[in-house]
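Colleague: Could you take me through one part of this model slowly, as you would for someone in their first year? I would like a close look at the strands and the turns that link them, and then a little of what lies around them.

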Amino acid sequence: MSATGKGVLKRLDWASIFIFMLLVGIGWLNIYSSTYSQGQEDMFDFSTVYGKQLIFIGLNIVLIIIILALESNFFERFSSVIYVISLMLLLGLFAFGTTIAGATSWYNLGFFNLQPSELAKVATALALAKYLSDIQTDIKRNKDQLFAFLILLIPAFLVIPQPDPGSALVFFSLVFVLFREGIPIYYLGISISAILVFVSTLMFGTIWIVIILGLLIGLFLLLKKQSLKIPLIPIAIVFIITILFSLSVNFVFENVFEQRHRDRFSLWLSLEKDPKKLEEIRKTIGYNTYQSEKAIESGGLFGKGFLEGTRTKGDFVPEQHTDYIFTTVGEEWGFMGTTAVIVLFTLLLLRLVYMAERQKNAFNRMYGYGVISILFVHYFINIGMVIGVLPTIGIPLPFFSYGGSGLLGFTALLFIFIKMDANRLKEGF
């Protein structure tokens with residue numbers, strides 16, 4: 001190995017790489033367990049699901065080597081090109097995409113199904129970091145804020161019609177980067193308020209939104225100091241906009257959402273008051289979540305043991321090796337195993353925060369927070385939907401779930417940042 005190659009290896013953040021290797025390894029063991037059946041004794045049978053995942057892991061190693069071998073500023077220089085290519089690939093799905101499980105999200109390459117939305121997540125994080133770090137960009141200006149939001153919205157709106165609302169949601173997670181870089185905090189307040197009004201309207205109806213909002217405004221005006229001047233017109237405008245938004249919720253819920261989406265919200269928020277109908281929804285639309293909860297509960301403290309999960313072996317949870325892979329951890333490794341996996345993900349995210357904060361290059365720091373945002377939302381939502389506290393929207397657990405596009409996409413996302421961090425040490429920062 002050349003001195004340059006040895007220098008790169010020495011500068012790599014081996015703590016994050018070690019956690020990455022553990023997650024990929026533990027993930028593969030659970031993929032093996034969730035798809036193993038009697039008579040399949042060969043762990044290297046490449047015709048099986050776990051065998052194919054080994055191939056993806058091998059391709060992962062090649063991808064890592066390529067990323068580490070590229071010039072340090074390659075991704076910053078070509079971020080716009082990568083972003084445009086990713087948008088073209090998303091657009092191409094409407095003409096050449098392959099439909100799998102009701103979603104036209106893949107290109108059939110014969111030996112491999114490519115999901116371009118995974119590349120688009122990396123590309124969007126790079127493009128956003130490039131735009132925000134440009135010397136001409138001032139995130140305090142409305143024009144620049146609008147353009148930054150457009151960078152997120154364009155790929156999200158191309159993904160939604162596939163339909164793949166889970167991946168679309170991940171693009172919106174990159175707003176955390178904007179808040180880190182100083183976008184006005186009232187955007188966060190508006191977003192949280194909109195979510196609260198949406199959910200509250202579904203649960204209680206618009207009339208209660210009017211009553212509660214009126215009481216809050218009245219209480220505020222009653223308790224405020226007399227010397228404090230309150231602009232009544234802006235308060236009235238906010239009140240009217242909130243009520244109009246609340247009135248639109250039921251229309252959107254009934255006419256924009258598909259029945260399966262309505263059923264999932266009904267299950268999650270207990271909107272259906274008829275116990276028989278609610279139980280029917282749990283056994284149909286909510287079947288995966290119901291079975292995954294039971295499987296995790298049956299694991300107890302220490303689990304049933306590797307390859308000993310009765311619900312896993314009985315195929316109670318459909319697609320358990322993909323979005324519901326955490327179910328296998330819960331049943332076979334128990335509370336201790338699930339805690340260990342959660343700790344590993346948390347340590348990785350905390351390590352990445354530390355790495356992002358030590359970057360002197362603005363592009364590197366912003367991209368680092370993009371990586372953190374995407375990984376966190378995937379990790380949080382996937383585990384939340386598996387244990388039943390969030391509705392099922394179908395996104396994989398990073399480095400864990402079966403799938404070549406997902407594994408390669410998450411690996412590229414992470415190792416591009418690791419390469420950036422290694423370059424920081426090379427330059428003496």
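Modeller: Happy to! Let's start with strand 2 and strand 3, where strand 3 covers residues 113–114: the two run antiparallel and are joined by 2 bridges. Please keep in mind that this is a predicted model. To find one of these pairings yourself, go to N108, whose bridge partner in strand 3 is N113. The hairpin made by strand 2 and strand 3 has 4 residues between the strands, and in this hairpin G110 takes a positive phi near 90°.

Now look at the other pairing of strand 2. Strand 1 is made of residues 98–100 and strand 2 of residues 103–108, and they pair in the antiparallel sense over 3 bridges. Here you can pick out I100, which has A103 in strand 2 as its bridge partner. This hairpin has 2 residues between the strands, and A101 takes a positive phi near 55°. One general idea helps when you look at strands: in a regular strand, side chains alternate between the two faces of the sheet.

Next along the chain comes helix 6, which spans residues 116–133. From its first C-alpha to its last, helix 6 reaches 26 Å, close to the 26 Å expected for its 18 residues at 1.5 Å a residue. Helix 6 is also mostly covered, with 15 of its 18 residues buried.

A little further on, helix 7 (residues 142–159) packs with helix 8 (residues 165–172) at an angle of about 175°, and their axes are 8 Å apart. Angles over 145 degrees count as roughly antiparallel, so helix 7 is roughly antiparallel to helix 8. On the helix 7 side, the contact is made by L152, L153, P155, A156 and V159, while helix 8 brings S167, A168, F171 and F172.

For a single residue to inspect, try S16, which sits in helix 2 (residues 14–35). S16 counts as buried because its relative accessibility is 0%, and the cut-off for buried is under 20%. The side chains of S16 and D13 are joined by a polar contact of 2.8 Å. Setting aside neighbours within four places in sequence, S16 is in contact with L348, R351, M355 and I418.

Finally, zoom out to the whole chain. It has 19 helices and 3 strands, and buried residues make up 45% of its 429 residues. Among contacts with a separation of 6 or more, 69% are between residues 24 or more positions apart.

Definitions and conventions. Residues numbered from 1 in each chain as written. Predicted model: local features only at pLDDT ≥ 70, side-chain atom pairs only at ≥ 80, totals over all residues. Heavy atoms only, no water. Expected span 1.5 Å × (residues − 1). Buried < 20%, exposed > 50% of the residue type's maximum accessible area, 1.4 Å probe, protein only. Pairing = 2+ DSSP bridges. Polar contact = N/O pair within 3.5 Å; in protein donor to acceptor, adjacent residues only side chain to side chain. Contact = heavy atoms within 4.5 Å. Axes fitted to C-alpha atoms, helices over the stretch in contact; angles between N-to-C directions. Parallel < 35°, antiparallel > 145°, perpendicular 65-115°, else oblique.
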